[in-house]
2 protein chains.
Amino acid sequence: METLSAQKSHGGVQGVYRHVSVSCACPMTFAVYVPPLPENKKAPVLWYLSGLTCTHANVMDKGEYRAAAAKYGIILVAPDTSPRGENVPDEPDNWQFGCGAGFYLDATQPPFASHYRMESYILDDLPALVAAHFPVDPTRQGIFGHSMGGHGALTLALKHPDRFKTCSAFAPITQPMTADWSKGALAKYLGSDEASWRAYDATALIEDGKRFPEFLVDQGTADPFLDNGLRPWLLEEACAKANIPLTLNMREGYDHSYHFVSTFMAEHVAWHAARLG
Amino acid sequence: METLSAQKSHGGVQGVYRHVSVSCACPMTFAVYVPPLPENKKAPVLWYLSGLTCTHANVMDKGEYRAAAAKYGIILVAPDTSPRGENVPDEPDNWQFGCGAGFYLDATQPPFASHYRMESYILDDLPALVAAHFPVDPTRQGIFGHSMGGHGALTLALKHPDRFKTCSAFAPITQPMTADWSKGALAKYLGSDEASWRAYDATALIEDGKRFPEFLVDQGTADPFLDNGLRPWLLEEACAKANIPLTLNMREGYDHSYHFVSTFMAEHVAWHAARLG
């Protein structure tokens with residue numbers, strides 16, 4: 001693991017690191033904030049998954065999470081959103097696919113299957129590295145994210161409730177199988193058989209029996225992607241049928257940007273902290 | 001005034017605007033955050049002056065001021081750091097002079113005098129525009145800033161204690177007349193007669209009789225510019241001799257970046273709010 005930067009911030013250290021991911025077969029960059037902690041103390045860890053077009057840097061620069069993470073003593077890890085590099089297949093003119101749009105899945109289709117394995121990266125490569133270098137308590141992990149990353153958090157939590165104790169999301173995609181901006185990506189990553197897409201769709205996972213203790217979701221009412229891309233009511237419906245408690249806060253006048261995310265970031269961190277202990 | 005963006009954030013509105021400045025003879029971009037306010041209520045205004053290489057965007061993206069500005073009901077204005085544009089003389093390879101390095105002075109030397117008039121811009125053009133478009137209370141104005149902008153805040157406050165009731169700074173340059181990274185700029189903007197520089201040097205202004213009720217300064221001990229560029233002890237000495245109360249907080253382990261600024265931003269906004277009422 002190479003340290004690209006490490007700066008004191010809100011009493012802790014905000015770092016940016018690079019390592020070679022086996023799953024993604026390329027170097028990957030990620031950010032970790034470690035709050036001020038007593039010597040030899042381990043802390044809960046919150047995984048923050050970012051949205052389409054983002055890297056680790058968007059939430060690090062604009063997410064305003066450090067004051068809350070420092071207050072509650074939580075380590076926050078912000079991975080990249082896809083593999084990147086010269087050898088990684090991409091569609092540079094398509095912001096909804098390829099680099100910056102990994103959708104937190106393991107692709108099965110050539111030429112994407114050899115690099116686009118973000119599910120394995122988030123579940124295996126990165127946690128092993130983070131556990132080796134930072135004082136994380138693996139029994140107290142939460143996951144959250146924004147948009148594509150909010151959906152990634154929902155699906156990973158539903159599939160691994162043993163690993164993740166808490167899950168929340170800002171303006172998550174709720175049903176990528178039927179949303180215009182994600183259907184095409186699922187087809188290219190996973191093939192045309194839509195049955196294989198259900199493992200990477202939050203509402204389908206719930207329909208297929210996956211459960212989680214509770215979700216917290218915030219969604220802006222002025223979000224331009226609300227009606228076509230995000231559709232929180234689909235998650236609301238699925239959770240209601242499955243008796244999964246969902247707190248869905250519709251936030252009047254907020255859009256899809258980090259102005260929205262940063263406004264409610266401290267509440268989300270506090271919510272996770274209260275449950276992770 | 002043209003609105004480039006306006007987004008709900010922390011209950012208020014973060015906007016970015018452009019107008020043609022008469023003083024700088026070019027279009028200028030600036031950011032304004034308006035907190036949630038009762039109808040017809042006017043709010044105190046805090047002017048935030050940024051440092052070398054910055055635009056209005058650095059503090060808007062990384063400064064983490066909105067939660068505190070919303071809490072205390074304060075309007076925050078973040079101007080650019082220089083005139084910009086094709087007709088504006090510049091030294092593109094020199095980050096300490098020209099575009100991004102206006103030093104909040106009115107240049108007297110050709111070819112810079114026709115555009116580099118940031119003192120007049122901050123004191124005349126921008127306040128008139130802001131007063132016409134935003135609910136500011138002109139009797140309650142404070143000023144602060146970072147690095148070159150921290151110094152700009154100190155000098156403008158010292159010269160206009162009638163206008164600015166409060167002044168604070170993050171890692172300000174304290175004596176640009178003798179600092180390597182600013183001497184050259186002062187010579188090019190103001191000419192070789194160093195007597196003319198004294199109107200744009202905080203410690204010289206104090207030596208020459210200017211006074212201000214009190215200053216708050218935060219400075220990181222791991223700031224790479226501490227010993228050669230910033231030297232807070234020069235301000236401390238000048239304030240002590242002039243009986244100007246100075247609270248100088250040396251912050252262990254912090255550098256010169258927005259990780260430092262954002263960590264202490266809420267404290268500064270609260271400090272101004274307590275004094276502006």
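Which residue is the bridge partner of Val45(B) in β5(B)? Let's get our bearings before answering. What you have here is a predicted model, so local features need pLDDT of at least 70, side-chain atom pairs count only at pLDDT 80 or more, and totals for chains, interfaces and linings use all residues. Residues are numbered from 1 along each chain as its sequence is written, while chains are lettered from A and ligands numbered from 1 in the order in which they are written.

Start with the sheet in chain B: nine strands (DSSP runs of E, at least two residues, numbered from the N terminus) make up an open sheet with mixed pairing, in the order β1-β2-β3-β5-β4-β6-β7-β8-β9. At its edges sit β1 (2-9) and β9 (246-251) of chain B, each pairing on one side only; pairing takes at least two DSSP bridges between two strands.

Now zoom in on β4 (residues 43-49) of chain B. With β5 (residues 75-78) of chain B, it pairs in the parallel sense over three bridges, and here's the answer to the opening question: Val45(B) has Ile75(B) as its bridge partner. β4(B) also pairs with β6(B), again parallel, over six bridges; there, Trp47(B) is matched with Ile143(B).

How buried is β4(B)? Seven of its seven residues are buried, so β4(B) is largely enclosed by the rest of the structure. Buried means that 20 or more other C-beta atoms, placed from the backbone, lie within 10 Å of a residue's own.

Methods: Helices (H or I, at least four residues) and strands (E, at least two) are DSSP runs, numbered from the N terminus. A residue is buried if 20 or more other C-beta atoms lie within 10 Å of its own, exposed if 12 or fewer, and partly exposed in between; C-beta atoms are placed from the backbone.
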